[in-house]
Amino acid sequence: MNRTQLIEQIKRKKSFLCVGLDPDLKKLPKHILREPDAIFEFNKRLIDATAPYAVAYKPNIAFYEALGPRGWNSLQRTLGYIPKDCFTIADAKRGDIGNTSSLYAQAFFDKGSSGMSFDSITVAPYMGRDSVIPFLEFKDKWVILLALTSNEGSADFQTMMMNPKLSRNDDDDFGLSNSQVVLDNENEYLFERVIRVSQQWGGNDRLMYVVGATQAPMLQQIRKLAPEHFLLIPGVGAQGGSLEEVCKYGMTKECGLLVNASRSIIYASSGIDFAQKAGEEAKRMQQEMEQQLQAFKII
(Lines give C-alpha, C1' and ligand atoms only; values in the text may rest on other atoms or scores of the structure.)
Protein backbone atom coordinates (compact mmCIF):
# COMPACT_ATOMS: atom_id res chain seq x y z
CA MET A 1 0.00 0.00 0.00
CA ASN A 2 1.45 3.38 -0.97
CA ARG A 3 1.10 6.69 0.86
CA THR A 4 -1.79 7.95 -1.28
CA GLN A 5 -3.78 4.77 -0.70
CA LEU A 6 -3.16 4.92 3.05
CA ILE A 7 -4.37 8.52 3.25
CA GLU A 8 -7.45 7.61 1.20
CA GLN A 9 -8.30 4.85 3.66
CA ILE A 10 -7.92 7.22 6.62
CA LYS A 11 -10.36 9.66 5.02
CA ARG A 12 -12.80 6.97 3.92
CA LYS A 13 -12.99 5.25 7.30
CA LYS A 14 -12.56 8.50 9.23
CA SER A 15 -10.02 6.70 11.33
CA PHE A 16 -6.29 6.26 11.85
CA LEU A 17 -6.67 3.25 14.13
CA CYS A 18 -4.19 0.40 14.02
CA VAL A 19 -5.19 -2.75 15.89
CA GLY A 20 -2.34 -4.74 17.41
CA LEU A 21 -2.86 -8.48 17.04
CA ASP A 22 -0.84 -9.79 20.00
CA PRO A 23 -2.51 -13.09 20.95
CA ASP A 24 -1.21 -14.46 24.24
CA LEU A 25 -2.42 -18.02 24.76
CA LYS A 26 -2.64 -17.39 28.51
CA LYS A 27 -5.17 -14.60 27.91
CA LEU A 28 -7.34 -16.06 25.17
CA PRO A 29 -10.99 -16.86 26.01
CA LYS A 30 -11.34 -20.49 27.08
CA HIS A 31 -13.79 -21.38 24.35
CA ILE A 32 -11.31 -20.19 21.70
CA LEU A 33 -8.61 -22.50 23.05
CA ARG A 34 -10.72 -25.48 21.92
CA GLU A 35 -10.30 -24.44 18.27
CA PRO A 36 -7.72 -26.33 16.14
CA ASP A 37 -5.91 -23.04 15.42
CA ALA A 38 -6.84 -20.90 18.41
CA ILE A 39 -4.54 -18.03 17.47
CA PHE A 40 -6.00 -17.64 13.99
CA GLU A 41 -9.58 -18.06 15.19
CA PHE A 42 -9.04 -15.37 17.84
CA ASN A 43 -7.53 -13.00 15.27
CA LYS A 44 -10.18 -13.79 12.68
CA ARG A 45 -13.04 -12.82 14.98
CA LEU A 46 -11.21 -9.69 16.09
CA ILE A 47 -10.64 -8.64 12.49
CA ASP A 48 -14.29 -9.25 11.60
CA ALA A 49 -15.36 -7.06 14.53
CA THR A 50 -12.88 -4.21 14.06
CA ALA A 51 -12.37 -3.97 10.28
CA PRO A 52 -15.01 -1.23 9.82
CA TYR A 53 -13.05 1.03 12.19
CA ALA A 54 -9.39 0.15 11.59
CA VAL A 55 -7.09 1.20 8.75
CA ALA A 56 -4.17 -0.98 9.86
CA TYR A 57 -3.31 -4.20 11.67
CA LYS A 58 -0.04 -4.90 13.46
CA PRO A 59 0.78 -8.47 14.51
CA ASN A 60 3.63 -8.52 17.02
CA ILE A 61 5.75 -11.31 15.57
CA ALA A 62 7.04 -12.55 18.94
CA PHE A 63 3.60 -13.90 19.85
CA TYR A 64 3.73 -16.14 16.78
CA GLU A 65 7.35 -17.20 16.49
CA ALA A 66 7.36 -18.27 20.16
CA LEU A 67 4.99 -21.08 19.10
CA GLY A 68 7.28 -22.45 16.39
CA PRO A 69 5.91 -23.68 13.05
CA ARG A 70 2.27 -23.61 14.17
CA GLY A 71 2.69 -19.96 15.20
CA TRP A 72 4.09 -19.05 11.79
CA ASN A 73 1.18 -20.86 10.17
CA SER A 74 -1.26 -18.84 12.29
CA LEU A 75 0.55 -15.65 11.28
CA GLN A 76 0.35 -16.50 7.58
CA ARG A 77 -3.35 -17.28 7.87
CA THR A 78 -3.96 -14.07 9.81
CA LEU A 79 -2.15 -11.95 7.22
CA GLY A 80 -4.15 -13.59 4.45
CA TYR A 81 -7.40 -12.81 6.26
CA ILE A 82 -6.77 -9.10 6.87
CA PRO A 83 -8.82 -7.05 4.36
CA LYS A 84 -6.78 -5.82 1.40
CA ASP A 85 -7.75 -2.21 2.08
CA CYS A 86 -5.98 -2.32 5.45
CA PHE A 87 -2.30 -1.45 5.96
CA THR A 88 -0.34 -4.35 7.48
CA ILE A 89 2.64 -4.02 9.82
CA ALA A 90 5.00 -6.83 10.77
CA ASP A 91 6.04 -5.69 14.23
CA ALA A 92 9.31 -7.63 14.13
CA LYS A 93 11.88 -4.94 15.11
CA ARG A 94 14.53 -6.52 12.89
CA GLY A 95 17.89 -5.01 11.92
CA ASP A 96 21.24 -6.65 11.15
CA ILE A 97 24.12 -6.52 8.66
CA GLY A 98 23.09 -6.12 5.05
CA ASN A 99 22.84 -9.72 3.86
CA THR A 100 20.93 -10.74 6.99
CA SER A 101 18.54 -7.79 6.72
CA SER A 102 17.95 -8.78 3.09
CA LEU A 103 16.72 -12.17 4.28
CA TYR A 104 14.56 -10.59 6.99
CA ALA A 105 13.02 -8.39 4.28
CA GLN A 106 12.45 -11.45 2.10
CA ALA A 107 10.76 -13.23 5.01
CA PHE A 108 8.18 -10.49 5.51
CA PHE A 109 7.86 -8.94 2.06
CA ASP A 110 8.36 -11.72 -0.52
CA LYS A 111 5.23 -13.86 -0.67
CA GLY A 112 6.77 -16.20 -3.22
CA SER A 113 9.53 -17.03 -0.77
CA SER A 114 7.89 -17.02 2.66
CA GLY A 115 4.17 -16.94 1.96
CA MET A 116 3.86 -13.47 3.50
CA SER A 117 3.77 -9.97 2.05
CA PHE A 118 3.30 -7.30 4.71
CA ASP A 119 3.08 -3.64 3.72
CA SER A 120 5.68 -2.67 6.32
CA ILE A 121 8.02 -3.82 9.04
CA THR A 122 9.35 -2.24 12.23
CA VAL A 123 13.15 -1.96 12.21
CA ALA A 124 15.70 -1.21 14.92
CA PRO A 125 18.13 1.40 13.50
CA TYR A 126 21.07 0.82 15.88
CA MET A 127 23.27 -0.80 13.20
CA GLY A 128 22.79 2.06 10.76
CA ARG A 129 22.18 2.55 7.07
CA ASP A 130 23.24 -0.82 5.66
CA SER A 131 20.92 -2.62 8.10
CA VAL A 132 17.89 -0.61 6.91
CA ILE A 133 18.39 -0.19 3.15
CA PRO A 134 17.63 -3.86 2.25
CA PHE A 135 14.05 -3.39 3.49
CA LEU A 136 13.63 -0.31 1.29
CA GLU A 137 14.67 -2.23 -1.82
CA PHE A 138 11.20 -3.81 -2.00
CA LYS A 139 8.82 -1.69 -4.08
CA ASP A 140 5.96 0.01 -2.17
CA LYS A 141 7.10 -1.50 1.13
CA TRP A 142 7.61 0.65 4.21
CA VAL A 143 10.20 0.75 6.97
CA ILE A 144 8.99 1.89 10.39
CA LEU A 145 12.06 2.88 12.39
CA LEU A 146 12.12 2.86 16.17
CA ALA A 147 12.69 6.46 17.23
CA LEU A 148 11.34 7.40 20.66
CA THR A 149 9.58 4.61 22.53
CA SER A 150 7.69 4.75 25.81
CA ASN A 151 9.02 1.68 27.59
CA GLU A 152 10.77 2.05 30.95
CA GLY A 153 14.28 1.70 29.53
CA SER A 154 13.83 4.07 26.58
CA ALA A 155 15.87 6.81 28.28
CA ASP A 156 18.90 4.51 28.60
CA PHE A 157 19.93 5.40 25.05
CA GLN A 158 17.24 7.28 23.12
CA THR A 159 17.56 10.55 25.03
CA MET A 160 21.35 10.53 25.32
CA MET A 161 22.79 13.84 24.14
CA MET A 162 24.87 13.59 20.99
CA ASN A 163 27.23 16.10 19.39
CA PRO A 164 26.97 15.98 15.59
CA LYS A 165 30.25 17.86 15.18
CA LEU A 166 32.20 15.14 16.96
CA SER A 167 33.62 12.51 14.58
CA ARG A 168 35.44 9.27 15.32
CA ASN A 169 38.74 10.95 14.45
CA ASP A 170 38.19 13.43 17.26
CA ASP A 171 38.56 10.84 19.99
CA ASP A 172 41.25 8.62 21.35
CA ASP A 173 39.78 5.11 21.19
CA PHE A 174 36.48 6.70 22.16
CA GLY A 175 37.97 7.97 25.46
CA LEU A 176 36.78 11.55 25.18
CA SER A 177 38.18 14.34 27.29
CA ASN A 178 36.05 17.24 28.47
CA SER A 179 37.87 19.59 26.12
CA GLN A 180 36.84 17.49 23.12
CA VAL A 181 33.13 17.50 23.87
CA VAL A 182 31.77 20.93 23.03
CA LEU A 183 28.19 21.38 24.15
CA ASP A 184 26.41 23.91 21.95
CA ASN A 185 23.05 24.54 20.34
CA GLU A 186 23.71 21.90 17.70
CA ASN A 187 23.64 19.05 20.20
CA GLU A 188 20.83 16.57 19.70
CA TYR A 189 19.30 13.54 21.34
CA LEU A 190 20.08 10.14 19.88
CA PHE A 191 16.47 9.68 18.74
CA GLU A 192 16.70 13.03 16.93
CA ARG A 193 19.82 11.87 15.10
CA VAL A 194 18.05 8.67 14.07
CA ILE A 195 15.22 10.72 12.54
CA ARG A 196 17.50 13.28 10.91
CA VAL A 197 20.04 10.89 9.39
CA SER A 198 17.57 8.22 8.31
CA GLN A 199 15.77 10.68 6.04
CA GLN A 200 18.79 10.36 3.73
CA TRP A 201 17.79 6.71 3.17
CA GLY A 202 14.13 7.11 2.24
CA GLY A 203 11.39 9.69 1.82
CA ASN A 204 8.08 10.12 3.60
CA ASP A 205 6.48 7.75 1.10
CA ARG A 206 8.49 4.77 2.43
CA LEU A 207 9.65 5.68 5.92
CA MET A 208 7.73 6.02 9.19
CA TYR A 209 8.84 6.37 12.81
CA VAL A 210 7.68 4.75 16.04
CA VAL A 211 6.94 7.29 18.77
CA GLY A 212 5.29 6.20 22.02
CA ALA A 213 2.04 7.93 22.96
CA THR A 214 3.34 8.67 26.45
CA GLN A 215 6.02 10.80 24.76
CA ALA A 216 3.37 13.09 23.26
CA PRO A 217 4.99 16.42 24.32
CA MET A 218 8.14 15.41 22.39
CA LEU A 219 6.08 15.08 19.20
CA GLN A 220 6.37 18.83 18.68
CA GLN A 221 10.16 18.50 18.37
CA ILE A 222 9.85 15.37 16.23
CA ARG A 223 7.56 17.22 13.83
CA LYS A 224 10.26 19.85 13.33
CA LEU A 225 12.55 17.07 12.12
CA ALA A 226 9.96 15.03 10.22
CA PRO A 227 7.06 17.34 9.39
CA GLU A 228 5.34 15.09 6.84
CA HIS A 229 6.34 11.54 7.78
CA PHE A 230 3.78 9.14 9.18
CA LEU A 231 4.29 8.21 12.82
CA LEU A 232 3.23 4.90 14.34
CA ILE A 233 2.03 5.70 17.86
CA PRO A 234 1.63 2.81 20.31
CA GLY A 235 0.54 3.35 23.89
CA VAL A 236 -2.94 4.85 23.56
CA GLY A 237 -5.34 2.73 25.59
CA ALA A 238 -3.96 0.26 28.12
CA GLN A 239 -0.67 2.18 28.44
CA GLY A 240 -2.46 5.43 29.24
CA GLY A 241 -1.39 7.64 26.33
CA SER A 242 -3.70 10.52 25.39
CA LEU A 243 -5.14 10.52 21.87
CA GLU A 244 -5.96 14.22 22.17
CA GLU A 245 -2.36 15.10 23.07
CA VAL A 246 -0.97 12.91 20.31
CA CYS A 247 -3.13 14.75 17.77
CA LYS A 248 -2.36 18.16 19.24
CA TYR A 249 1.38 17.72 18.76
CA GLY A 250 1.60 15.17 15.95
CA MET A 251 -1.25 15.63 13.47
CA THR A 252 -0.37 16.88 9.98
CA LYS A 253 -2.53 18.23 7.15
CA GLU A 254 -2.83 14.63 5.84
CA CYS A 255 -3.15 13.11 9.32
CA GLY A 256 0.34 11.56 9.42
CA LEU A 257 -0.57 9.26 12.31
CA LEU A 258 -1.32 5.60 12.85
CA VAL A 259 -2.36 5.13 16.46
CA ASN A 260 -2.06 1.57 17.68
CA ALA A 261 -4.17 -0.05 20.37
CA SER A 262 -3.67 -3.68 21.33
CA ARG A 263 -4.69 -4.85 24.79
CA SER A 264 -7.49 -2.32 25.26
CA ILE A 265 -9.20 -3.77 22.16
CA ILE A 266 -8.26 -7.43 21.87
CA TYR A 267 -8.71 -8.12 25.58
CA ALA A 268 -11.74 -5.88 26.12
CA SER A 269 -13.46 -9.06 27.33
CA SER A 270 -12.28 -12.56 28.13
CA GLY A 271 -15.69 -14.11 27.57
CA ILE A 272 -17.76 -15.35 24.66
CA ASP A 273 -18.46 -11.71 23.77
CA PHE A 274 -14.76 -10.80 23.33
CA ALA A 275 -15.14 -9.95 19.64
CA GLN A 276 -18.23 -7.83 20.24
CA LYS A 277 -16.49 -5.89 23.02
CA ALA A 278 -13.40 -5.46 20.83
CA GLY A 279 -15.56 -4.00 18.09
CA GLU A 280 -17.22 -1.63 20.54
CA GLU A 281 -13.87 -0.36 21.80
CA ALA A 282 -12.56 0.03 18.24
CA LYS A 283 -15.68 1.97 17.30
CA ARG A 284 -15.28 4.23 20.35
CA MET A 285 -11.70 5.03 19.34
CA GLN A 286 -12.71 5.57 15.72
CA GLN A 287 -15.34 8.08 16.81
CA GLU A 288 -12.73 10.00 18.82
CA MET A 289 -10.42 9.95 15.82
CA GLU A 290 -13.18 11.18 13.54
CA GLN A 291 -13.63 14.20 15.81
CA GLN A 292 -9.90 14.93 15.64
CA LEU A 293 -9.85 14.60 11.84
CA GLN A 294 -12.75 17.02 11.62
CA ALA A 295 -11.12 19.45 14.04
CA PHE A 296 -7.99 19.50 11.86
CA LYS A 297 -10.14 19.83 8.71
CA ILE A 298 -8.76 16.63 7.19
CA ILE A 299 -12.24 15.28 6.52
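This passage walks through helix packing, aromatic pairs, cysteines and backbone angles in a predicted model.

A good place to start is helix H8, which spans residues 190-198. Its buried residues are Phe191, Glu192, Val194, Ile195 and Ser198. These residues cover an arc of only 155 degrees around the axis, which puts them on the same side of H8. Their packing partners are three strands, E5 (142-148), E7 (188-189) and E8 (207-211), together with helix H9 (219-225).

Strand E5 appears again among the aromatic residues, since tryptophan 142 belongs to E5. The structure has eight aromatic pairs, and two of them are described here. In the pair of phenylalanine 42 and phenylalanine 274, the rings are stacked, with 5.1 Å from centre to centre and 20 degrees between the planes. Phenylalanine 42 sits in helix H2 (residues 38-50) and phenylalanine 274 in helix H12, so this pair ties together parts that are 232 residues apart in sequence. Both phenylalanine 42 and phenylalanine 274 are buried. The pair of phenylalanine 87 and tryptophan 142 is instead edge-to-face, at 6.0 Å centre to centre and with 85 degrees between the planes. Here the link runs between distant parts of the chain, from phenylalanine 87 in strand E3 (residues 87-94) to tryptophan 142 in strand E5, 55 residues apart. Phenylalanine 87 and tryptophan 142 are buried as well. Ring pairs also join Tyr267 with Phe42 and Phe274 in a cluster.

Turning to the cysteines, the count of disulfides is zero, where a pair of cysteine sulfur atoms would have to lie within 2.5 Å. For cysteine 86, the nearest cysteine sulfur is that of cysteine 18, 9.6 Å away. Cysteine 86 is buried, with a relative accessible area of 2%. For cysteine 255, the nearest cysteine sulfur belongs to cysteine 247 and is 7.1 Å away. Cysteine 255 is likewise buried, its relative accessible area being 0%.

Finally, the backbone has some angles worth a look. Most residues other than glycine have a negative phi. Aspartate 140, however, has a positive phi, near 60 degrees. Aspartate 140 is found in the loop between helix H7 (129-136) and E5, and is partly exposed at a relative accessible area of 36%. Lysine 297 also has a positive phi near 60 degrees. This lysine lies in the segment after helix H12 (274-295), and with 72% relative accessibility lysine 297 counts as exposed.

Methods: Residues are numbered from 1 along each chain as its sequence is written. This is a predicted model: local features need pLDDT of at least 70, side-chain atom pairs count only at pLDDT 80 or more; totals for chains, interfaces and linings use all residues. Side-chain values use heavy atoms; hydrogens and water are left out. Buried means under 20% relative accessible area, exposed over 50%, partly exposed in between (1.4 Å probe, protein chains only). Helices (H or I, at least four residues) and strands (E, at least two) are DSSP runs, numbered from the N terminus. The arc is that of the directions from the helix axis to the C-beta atoms. Contact means heavy atoms within 4.5 Å. Rings of Phe, Tyr and Trp (its six-membered ring) pair if their centres lie within 6.5 Å; planes under 30 degrees apart count as stacked, over 60 as edge-to-face and the rest as tilted.
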